[in-house]
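Below are some notes on the model, set out as numbered points for a colleague who will want to check each one against the coordinates.

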Amino acid sequence: MSSETPSPTAEPAGPAAPVDQSAPVDQSGPAEPVQYDAGYGPEVVGVGPHPLPWPTGDGYDPELLTHGDRRNVVDRYRYWTREAIVADLDTRRHDFHVAVENWGHDFNIGSVVRTANAFLAKEVHIVGRRRWNRRGAMVTDRYQHVRHHPDTADLTAWAAAEGLPIIGIDNLPGSVPLETTELPRRCVLLFGQEGPGLTEEARKHAAMVCSIAQFGSTRSMNAGAAAAIAMHAWVQAHVFG
């Protein structure tokens, strides 16, 4: 992933006015660095202070305009407040949700959240333990709605109320190939924990389980990688299809 080097004199597009966020966001877990460059990347990431005159609009952050914006955000959102960025993303989020089981503090969950942000998932659902490793998210969880479910039954009840089928992703007997299966536009893509994969409870509640084609000697792939492949398959079908 290449670093952004936009001109500091470029005038960013004006952000939409912030809106109320109704989706619950899980703020538990260990604290993370405030900015992308605070322990995650070199100081050259982002842009410096904005030259005068400053752009106008409630969505701009005076601190960022003054000191520069080193966050891991695309150029469009330079100098915007976090609330303004989330509000703008909410106007165009995709129709799929991502859920991941978290029974043993899986270190891959942060990567799943980061990928869900990249593909603009509606929400990420953490099933099981509330705490999860946020370092791999690279602070993207600040812009991604994250909801916690204590168990699979709670996720299932929520999905049923929303009219969303649960699509399990795992290489299990009876699974159908992801490569030849059309994923529903509105759905929840459910991933198991690294190692054991989907629990038996999760399999029972899934409308179907899709497998990812593998050709090597390993019996399974990294859960974060599997999540990225499945999300990209959804994008191919419903954004570019």
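1. Is Cys187 buried or exposed? In this predicted model, Cys187 is buried, its relative accessible area being 0%. Cys210 likewise counts as buried, at 0% relative accessibility.

2. On the cysteines, the structure holds 0 disulfides, and Cys187 accordingly takes part in none, the nearest cysteine sulfur, that of Cys210, being 9.1 Å away. Seen from the other side, the closest cysteine sulfur to that of Cys210 is in Cys187, and the 9.1 Å between them is too far for a bond, because a disulfide requires a pair of cysteine sulfur atoms within 2.5 Å.

3. As for the overall architecture, the protein contains 6 helices and 7 strands, which follow one another from the N terminus in the order α-α-β-α-β-β-α-β-β-β-α-β-α. Of its 241 residues, 48% count as buried, and the exposed surface comes to about 11800 Å², of which carbon and sulfur atoms supply 55%. Among contacts with a separation of 6 or more, 70% join residues that are 24 or more positions apart.

4. Helix 3, which spans residues 109-118, is mostly covered, with 7 of its 10 residues buried. The buried residues are Ile109, Gly110, Val112, Val113, Thr115, Ala116 and Asn117, and what covers them includes strand 1 (96-102), strand 2 (124-128) and helix 6 (223-238). When reading that list, it helps to recall that an α-helix has 3.6 residues a turn, so residues three or four places apart point the same way.

5. The segment that follows helix 3 deserves a separate look. Just after this helix, Leu120 takes a positive phi of about 60°, and Lys122 lies in the loop that leads from helix 3 to strand 2. Is Lys122 buried, partly exposed or exposed? At 30% relative accessibility, Lys122 counts as partly exposed, because that class covers values between 20% and 50%.

6. Which residues does Lys122 touch, if those up to four places away in sequence are not counted? Its contacts are Arg93, His94, Asp95, Phe96, His97, Gln144 and His145. For one of these partners, Arg93, which is 29 residues apart from Lys122 along the chain, the separation of the C-alpha atoms is 5.4 Å.

7. A second pairing across the sequence involves helix 2 (residues 82-90), in which Ala84 lies. Ala84 is buried, with a relative accessible area of 0%, and its C-alpha atom is separated by 7.9 Å from that of Tyr60, although the two residues are 24 residues apart along the chain.

8. Turning to empty space, rolling a probe the size of a water molecule over the atoms shows where it is left. The second largest pocket holds about 330 Å³ of space, and of the 20 residues that line this pocket, Asp170, Asn171, Gly197, Ser220 and Met221 are the closest to its centre. How does the lining of the second largest pocket divide into nonpolar, polar and charged residues, and how many are there of each? The lining comprises 8 nonpolar, 8 polar and 4 charged residues, with Gly counted among the polar ones.

Conventions:
Residues are numbered from 1 along each chain as its sequence is written. This is a predicted model: local features need pLDDT of at least 70, side-chain atom pairs count only at pLDDT 80 or more; totals for chains, interfaces and linings use all residues. Side-chain values use heavy atoms; hydrogens and water are left out. On a 1 Å grid over the protein atoms alone, a cavity is a set of points where a 1.4 Å probe fits but cannot get out, and a pocket is an open set with protein on both sides within 12 Å along at least five of seven lines; lining residues have an atom within 4 Å of a point. Grid points are joined across faces, edges and corners, and a volume is the space filled by probe spheres set on the points. Buried means under 20% relative accessible area, exposed over 50%, partly exposed in between (1.4 Å probe, protein chains only). Helices (H or I, at least four residues) and strands (E, at least two) are DSSP runs, numbered from the N terminus. Contact means heavy atoms within 4.5 Å. Accessible areas come from the Shrake-Rupley method with a 1.4 Å probe; for residues, only the protein chains shown count as cover.
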